[in-house]
Amino acid sequence: MKAAVVGAGLMGSGIAQTCAQAGFEVVNIDTFPSAIDKAKANLEALFARKVTKGSMTEEKKEEILGRLTYSGSFEDVKGAAIVIEAVPEKIEIKKDTFRKVDEAADADTLIVSNTSGLSISEIASVTNRPDKVMGVHFFYPAPVMKLVELVRGLVTSNETYEKVKEFAGQIGKTTVDAPEYPGFMVNRILVPMQNEAAFMVMEGSRPEDVDNAMKLGCNHPMGPIELTDFVGIDTMLATMTGLYNGFHDSKYRPCPLLETMVKAGHLGKKTGQGFYKYDEKGNKIS
Ligand code: 3HC
């Protein structure tokens with residue numbers, strides 16, 4: 001079965017990898033050639049590490065890579081049973097992508113969005129198949145995290161929901177049904193915690209103290225500041241801003257330090273500078 005993933009950034013490339021590992025023929029589409037180059041290089045480096053470590057054989061690596069192709073054209077969604085959109089978290093970019101995918105895809109193709117909080121009903125409204133559109137929210141890193149949130153729009157059909165749920169199972173994910181409100185379920189709980197942690201750093205706490213507090217005091221695998229660098233400060237700020245604008249509630253006010261860091265281009269691990277500094281291999285150096 002063929003799946004298409006639109007967007008080859010951190011999330012899109014990880015989702016494409018997840019589907020290819022589960023046995024799907026996958027095309028990962030991005031109109032920016034540099035994004036495709038980066039996705040390919042990251043995946044090759046990740047798989048090379050797995051082979052060296054012994055958690056993947058060379059044959060398995062070749063088999064998975066053989067199922068994964070890259071393209072710069074929306075036309076390549078043709079023949080896909082499902083298209084997963086993972087483009088930047090801006091409503092106009094999402095709508096533009098859905099219009100193009102809707103035009104190019106087969107009539108019975110399901111189109112799902114990996115949005116972390118935008119309205120599925122609004123995204124679906126620009127297509128001619130709103131009943132075949134819903135949200136499937138993955139977590140970073142997509143190949144590792146076991147959960148996906150399923151989010152139905154106002155007119156998502158039962159058939160679409162059942163098929164998408166089956167697809168999530170086929171790629172090895174456990175699902176929860178999340179409401180169509182900003183942040184859905186996980187981010188509505190998680191991101192305000194990361195935001196509060198950023199406020200504490202802004203007030204003078206050391207990032208490593210805030211991280212150790214949550215790692216050692218609550219057994220979190222990563223501290224909230226480290227996690228913000230890991231998923232991208234821009235992504236986290238976009239989600240927080242979505243909660244603030246969506247609920248019209250000051251309790252979701254984004255931390256100004258995050259806004260300043262994004263303006264400065266300090267986006268976390270992916271740019272080498274966030275709350276911490278990283279070398280070109282992504283290892284924390286300070
Ligand atoms: N991409 C793909 N695979 C990755 C990866 C990445 N970025 N990072 C690690 N992995 C894989 C490794 O290859 C390894 O696989 P293997 O066992 O087959 O070799 C496996 O994950 C474990 O890696 P490590 O041993 O290097 O690392 P850890 O055991 O320290 O685990 C972690 C790394 C899974 C990232 C762990 O630290 C963790 O669970 N962190 C919390 C992540 C989290 O909270 N994610 C949710 C973020 S919020 C979000 O996504 C919302 C969205 O809207 C942005």
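1. Start with Lys 50 and the ligand. In this predicted model, a polar side-chain atom of Lys 50 sits 2.8 Å from an oxygen atom of the ligand. Ser 55 also offers a polar side-chain atom, 2.9 Å from a ligand oxygen. With Tyr 140 the backbone takes part: one of its polar backbone atoms is 2.8 Å from an oxygen atom of the ligand. The protein covers 66% of the 1100 Å² of accessible area that the ligand has on its own.

2. Now the whole shell. The ligand is surrounded by 20 residues. Lys 50, Lys 53, Ser 55, His 137 and Tyr 140 are the closest. By type, the shell holds 13 nonpolar, 5 polar and 2 charged residues.

3. Where do the shell residues come from? Helix H2 (33–53), helix H7 (186–202) and helix H9 (224–231) each give at least two of them. Domain 1 (2–177) and domain 2 (186–271) each contribute at least three.

4. Look next at the two domains. The chain divides into domain 1 (2–177) and domain 2 (186–271). Their C-alpha centres are 25 Å apart. Across the boundary, 10 residues of domain 1 are in contact with 7 residues of domain 2.

5. Asn 187 deserves a look. This residue belongs to helix H7. Is Asn 187 buried or exposed? Its relative accessible area is 8%, which is under the 20% limit, so Asn 187 counts as buried. Beyond neighbours within four places in sequence, Asn 187 is in contact with Ser 116, His 137, Pro 192, Thr 239 and Leu 243. Leu 243 is 56 residues away along the chain, and the two C-alpha atoms are separated by 9.1 Å.

6. Check the peptide bond between Tyr 140 and Pro 141. The bond is cis, with omega about 0°. Pro 141 lies in the loop between strand E6 (133–137) and strand E7 (147–152). Tyr 140 has already appeared, as one of the closest residues to the ligand.

7. Two residues other than glycine have positive phi: Phe 184, at about 50°, and Asn 219, near 60°. Phe 184 is in the loop between strand E8 (174–177) and H7. Asn 219 is in the loop between helix H8 (207–218) and H9.

8. Which of these loop residues is buried, and which is exposed? Phe 184 has a relative accessible area of 2%, so this residue is buried. Asn 219 reaches 69% relative accessibility, so this residue counts as exposed.

Note on methods:
Residues numbered from 1 in each chain as written. Predicted model: local features only at pLDDT ≥ 70, side-chain atom pairs only at ≥ 80, totals over all residues. Heavy atoms only, no water. Near = heavy atom within 4 Å. Polar contact = N/O pair within 3.5 Å; in protein donor to acceptor, adjacent residues only side chain to side chain. Areas by Shrake-Rupley, 256 points an atom, 1.4 Å probe, with all protein chains shown as cover. Helix = DSSP H or I, 4+ residues; strand = E, 2+ residues; numbered from the N terminus. Nonpolar A, V, L, I, M, F, W, Y, C, P; charged D, E, K, R; others polar. Domains from an automatic or database assignment. Buried < 20%, exposed > 50% of the residue type's maximum accessible area, 1.4 Å probe, protein only. Contact = heavy atoms within 4.5 Å.
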